[in-house]
Amino acid sequence: MSARDDAADVVLVQLAGLVADGGLKLVDLTHTLSPDFPTIVMPPEFGQSAPFRMERISCYDGDGPAWYWNNISFGEHTGTHFDAPIHWYTGKDLPLNTVDTLPTRDMIAPANVIDCSRQSAADADFLLGVEDILAWEREHGLIAPRSWVLLRTDWSKKTGRDYANLLDDGAHTPGPDADVIRWLVTERDIIGFGTETIGTDAGQAGHFSPPYPAHHFLHGAGRYGLQCLANLDQLPPKGAVVIAAPLKIRHGSGSPLRVLALIAA
Ligand code: 23J
Ligand code: MN
């Protein structure tokens, strides 16, 4: 065995030990999938996502005397979920652009958490800009290549109508401005961008140029999105490792998933 294999063996044993004895903490970044969780609403001229549905098959009864189980159905972009590059037209011709072909290596990556909870509480239409990223980097260091940028807004603490914040003129939720995602992809080579809101884009981003710039630039560059994340307030600005493995849906554009973050306890 090479020295490199030895090092990997040591790391794996230490990892299992630290998880078992609590030296590493696993933070669940996932909302509970249920019919009560808000689903994205597109303008009425477009198709709509189905909400999460669950119906009982049996519950230790005549339909199955010893077993409990359900049928479930949902849109791919329901609850805490993953966006693959094929979700947007800009990523439609890229290789390995669906959830079933996503390289497994990309399912685990470090996270940078940008805390914009104060700005988002003051302004539901708060937009993250390059200046905010540069200010964060002055404090915490450069964003490493192939790491996630997660936008903490504390939006995940809102419920019902406040969460979707859908008004007459569309949704009002914070998100990236028209430039910052392109900058993060080209200047920092991020693997993806995650939010606590229903989209990786701001609620009003359909009016931006290009429309939905986070989707446009992330997926056009083969990068990923995470939406409806929870518990970002439990993560350090830097040092968490995110595990995000979407369902292996043939030709799928995204899927609900369990998102876990490993942090030093
Ligand atoms: C389709 C069109 C626009 C948006 C979205 C989906 C999402 O937010 C999503 O879940 O990917 S903004
Ligand atoms: Mn999505």
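Why is helix 6 (residues 213-220) largely enclosed by the rest of the structure? Seven of its eight residues are buried, so helix 6 ends up largely enclosed by what surrounds it. Keep in mind as you look around that this is a predicted model.

**Around helix 6**

The buried residues here are P213, A214, H215, H216, F217, L218 and H219. What do they pack against? Their neighbours are strand 4 (81-83), strand 10 (175-176), helix 5 (180-188), strand 11 (192-195) and strand 12 (224-227). Helix 6 lies across three strands, namely strand 4, strand 11 and strand 12, and it runs at about 140° to strand 12. Just past the end of helix 6 you'll meet G222, which takes a positive phi of about 75°.

**The nine-stranded sheet**

Now for the sheet. It's an open one with nine strands in the order 1-15-13-5-7-11-12-4-14, and the pairing is mixed. Strand 1 and strand 14 (254-256) sit at the edges with a single partner strand each, so one side of each has no neighbour in the sheet. On average, neighbouring strands of this sheet are turned by 25° against each other, if you ignore direction. As for what holds such strands side by side, strands of a sheet pair through backbone hydrogen bonds, either parallel or antiparallel.

Strand 11 and strand 12, two of the strands that helix 6 lies across, run parallel and are joined by three bridges. Within this pair, F193 stands opposite G225 of strand 12.

**A hairpin to compare**

Elsewhere, strand 2 (residues 53-61) and strand 3 (residues 64-73) form a hairpin, with two residues between them. Their pairing is antiparallel and spans seven bridges. Here E55 stands opposite N71 in strand 3.

Here are the two pairs side by side:

| Strand pair | Sense | Bridges | Residues standing opposite |
|---|---|---|---|
| Strand 11 and strand 12 | parallel | three bridges | F193 and G225 |
| Strand 2 and strand 3 | antiparallel | seven bridges | E55 and N71 |

**A nonpolar patch on the surface**

Which residues make the nonpolar surface patch? They are L12, L15, V19 and L26, and together the patch comes to about 330 Å². Helix 1 (residues 3-21) gives the most to it, with three residues. L26 belongs to strand 1 (residues 24-28), which is one of the edge strands of the sheet. Is L26 buried, exposed or partly exposed? Its relative accessible area is 44%, so L26 counts as partly exposed, the range between 20% and 50%.

Note on methods. Residues are numbered from 1 along each chain as its sequence is written. Chains are lettered from A and ligands numbered from 1 in the order in which they are written. This is a predicted model: local features need pLDDT of at least 70, side-chain atom pairs count only at pLDDT 80 or more; totals for chains, interfaces and linings use all residues. Side-chain values use heavy atoms; hydrogens and water are left out. Patches are made of residues with over 30% relative accessible area and no salt bridge: like charges are joined within 9 Å, nonpolar side chains (Val, Leu, Ile, Met, Phe, Trp, Tyr) within 5 Å. Accessible areas come from the Shrake-Rupley method with a 1.4 Å probe; for residues, only the protein chains shown count as cover. A salt bridge is a side-chain nitrogen of Lys or Arg within 4 Å of a carboxyl oxygen of Asp or Glu. Helices (H or I, at least four residues) and strands (E, at least two) are DSSP runs, numbered from the N terminus. Buried means under 20% relative accessible area, exposed over 50%, partly exposed in between (1.4 Å probe, protein chains only). Contact means heavy atoms within 4.5 Å. Two strands pair if DSSP finds at least two bridges between them. Axes are lines fitted to C-alpha atoms, for helices over the stretch in contact, and angles run from 0 to 180 degrees between N-to-C directions.
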